[in-house]
Amino acid sequence: MKVGCVKEIKNNEFRVGMTPSNVKSYVNAGHEVLIEKDAGVGSGFSTEEYEKAGAKILDTAKEVWDGCDMMIKVKEPLPEEYAYFRKDLILFTYLHLAADRPLTDAMLSSGIKSVAYETLIERNRSIPLLAPMSQIAGRLSIQEGAKYLEKPFGGSGVLLSGVPGTPKAKVVILGAGTVGTNACKIAVGMGADVTIMDINLERLAYLDDVFGARIQTLYSTDANIEEALSTADLVIGSVLIPGKAAPKLIKREYLKLMKPGSLIVDVAVDQGGCCETTKVTYHDNPTFEVDGVVHYCVGNMPGAVPRTSTIALTNATLKYGLMIASKGLEEACRGYDVLYSGVNTYEGALTCENVALSYNMDYTDPKSLF
Ligand SMILES: NC(=O)c1ccc[n+]([C@@H]2O[C@H](COP(=O)([O-])OP(=O)(O)OC[C@H]3O[C@@H](n4cnc5c(N)ncnc54)[C@H](O)[C@@H]3O)[C@@H](O)[C@H]2O)c1
């Protein structure tokens, strides 16, 4: 198969769909790889590295789109890329179609076959192509939290670990899933006083086993949240109810109970946020203040560390990409039926149930098509 990868054109997107190391894996498996010139520079991968790994370098995105059988990207295509869609092309990328009707319509009318990273669900119910970004956001949340607690950045001026003779900063983590667990790991590593809450007692038991006496686990209730916030220096919002808006666990009136200069990093902002006062911010101006409490609500936190994000994402996508490249989409799905969950559009049919529901459109089970 001819596999292609272009430079991302979304504003401030520096990740790339394939690394030079991925190129080598595809080439060794007998595929041809087409890479747009400078596709990986934002992630620190030079065109020469891709060439050395065996890729054919092309000057324009159009040449790559037109020349490949499968396009591997990071972000959803933008309107200027819709013209490249065609019936015999496979697109493997994040799509988030439920949030983008024009893209959905363009994909359906072109007949393009698409596999979305975010809907591919493994047999153990994990979402392997989303997890690496949650791991990164969780770890970054503490790193960014530590920075924005510094006085010059608007915080209360507390050092997470403290020093001998001073109190440690109190970190409260709401949600003990992938983001919360990774935040917990870094906060414990930095020597903070960590409390983590969830409504899933199995998750709390797991963290209790792993971290022992170094953390406090608490069942997530309004009363426990209210009390923990009143002494918190840094709060991490990391809850998720799949497919729904995040529950507003931090009520506006709780802010008045919090210490001035304390900080809320609402990682769940991409699902509307778990704090009533959350609104989306961007890396160039990530914080704002409400009632003396600093809010950090960046919707694409992994974008701050594109090199790590690209390597983590492509580590996860490579296995599935190779399956599709080796057998073709249809045969690969029949051989490993987990792949069907990723198929969002196929020759004009909408094959993702949640996307169909959100637009009140007809849904076609991909298993009935191939
Ligand atoms: N801002 C970013 O850049 C970024 C990056 C990655 C992920 N995210 C978002 O972070 C959020 C968390 O992702 P995740 O991968 O950790 O999800 P996850 O499913 O692994 O974990 C979510 C946890 O929230 C818990 N939860 C649900 N309701 C709760 C409640 N009322 N109180 C306490 N806990 C509750 C669940 O039991 C679960 O353990 C998602 O909204 C995800 O989209 C944001």
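How many aromatic pairs does the structure hold? The structure, which is a predicted model, holds 10 aromatic pairs, and one of them is described at the end of this briefing. The protein chain is divided into domain 1, made of residues 2–119 together with 306–368, and domain 2, made of residues 132–296. Between the C-alpha centres of domain 1 and domain 2 there is a distance of 34 Å.

**The sheet of eight strands**

- In this open sheet, 8 strands follow one another in the order 3-2-1-4-5-6-14-15, and their pairing is mixed.
- The edges of the sheet are held by strand 3 (56–58) and strand 15 (349–350), each of which has a single partner strand, so one side of each is left without a neighbour in the sheet.
- Strand 6 (residues 113–116) and strand 14 (residues 343–346) run antiparallel and are joined by 2 bridges, and Ser-114 stands opposite Thr-345 in strand 14.

**Helix 10**

- Helix 10 (residues 306–327) packs on the sheet that has the strand order 3-2-1-4-5-6-14-15, where the helix touches strand 1 (2–5), strand 4 (70–72), strand 5 (90–93) and strand 6, and its direction makes about 170 degrees with that of strand 5.
- At 1.5 Å a residue, the 22 residues of helix 10 should span 32 Å, and this agrees with the model, in which the end C-alpha atoms of the helix are 31 Å apart.
- Helix 10 nevertheless has a kink of about 40 degrees, which is centred on Thr-317.
- Just after helix 10 comes Gly-328, which takes a positive phi of about 85 degrees.

**The sheet of seven strands**

- A sheet of 7 strands is also open, with the order 9-8-7-10-11-13-12 and mixed pairing, and its twist averages 20 degrees from one strand to the next.
- Strand 9 (215–219) and strand 12 (287–290) stand at the edges of this sheet with a single partner strand each, so one side of each has no neighbour in the sheet.
- Strand 8 (residues 193–198) pairs with strand 9 in the parallel sense over 5 bridges, and within this pairing Thr-195 stands opposite Gln-216 in strand 9.
- Helix 6 (residues 178–189) lies across strand 7 (170–174), strand 8, strand 9 and strand 10 (234–237), and runs at about 170 degrees to strand 8.
- Helix 7 (residues 201–211) lies across strand 8 and strand 9, and runs at about 170 degrees to strand 9.

**An aromatic pair**

- Among the 10 aromatic pairs is the one formed by Phe-92 and Tyr-117, which is edge-to-face, with 4.8 Å from centre to centre and 90 degrees between the planes.
- Because Phe-92 lies in strand 5 and Tyr-117 lies in the loop between strand 6 and helix 5 (131–148), the pair ties together parts that are 25 residues apart in sequence.

Methods. Residues numbered from 1 in each chain as written. Predicted model: local features only at pLDDT ≥ 70, side-chain atom pairs only at ≥ 80, totals over all residues. Heavy atoms only, no water. Domains from an automatic or database assignment. Pairing = 2+ DSSP bridges. Helix = DSSP H or I, 4+ residues; strand = E, 2+ residues; numbered from the N terminus. Contact = heavy atoms within 4.5 Å. Axes fitted to C-alpha atoms, helices over the stretch in contact; angles between N-to-C directions. Expected span 1.5 Å × (residues − 1). Bend = angle between axes of the 7 residues up to and from the residue. Phe/Tyr/Trp six-rings, centres within 6.5 Å; stacked < 30°, edge-to-face > 60°.
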